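Reader: I've got a fold here and some labels attached to it. Could you walk me through how each label is earned?

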Amino acid sequence: KGQPFTHRQLVPGRPTVVIFFDPDCDHCARQAQWLAQGKARLPGAQYLWVTTAAAPATARFAEAYRAQG
């Protein structure tokens with residue numbers, strides 16, 4: 001959401017999946033779809049989506065691939 005993020009926002013004891021992506025990357029889009037379909041494999045996991053892309057492109061990616069999780 002364009003805000004600074006610190007380790008204090010992580011929930012202790014929960015698995016954390018960190019995904020580095022670019023909204024214009026075809027491989028990233030396929031990976032996002034695969035991750036969205038497989039979230040049930042890691043119930044309770046927290047997903048951190050990290051990018052250097054501008055907020056509008058990131059928001060479109062999140063909407064298209066349900067990457068907000």
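Author: Sure, starting with the ground rules: helices (H or I, at least four residues) and strands (E, at least two) are DSSP runs, numbered from the N terminus. On that basis the protein has two helices and two strands, in the order β-α-β-α along the sequence. This is a predicted model, where local features need pLDDT of at least 70, side-chain atom pairs count only at pLDDT 80 or more, and totals for chains, interfaces and linings use all residues. Residues are numbered from 1 along each chain as its sequence is written, and side-chain values use heavy atoms, with hydrogens and water left out.

Reader: Why is the protein called as compact as a globular protein of that length?

Author: The yardstick is the globule rule, 2.2 Å times the number of residues to the power 0.38, with the radius of gyration taken over C-alpha atoms. For 69 residues the rule gives 11 Å and the protein comes out at 12 Å, which is close, so the label holds.

Reader: What makes the pair F21 and W49 edge-to-face?

Author: Rings of Phe, Tyr and Trp (its six-membered ring) pair if their centres lie within 6.5 Å; planes under 30 degrees apart count as stacked, over 60 as edge-to-face and the rest as tilted. F21 and W49 have ring centres 5.6 Å apart and planes at 80 degrees, so edge-to-face it is. F21 sits in the loop between strand 1 and helix 1 and W49 in strand 2, so the pair ties together parts 28 residues apart in sequence.

Reader: How do you know whether F21 is buried or exposed?

Author: Buried means under 20% relative accessible area, exposed over 50%, partly exposed in between (1.4 Å probe, protein chains only). F21 has 10%, so it counts as buried.
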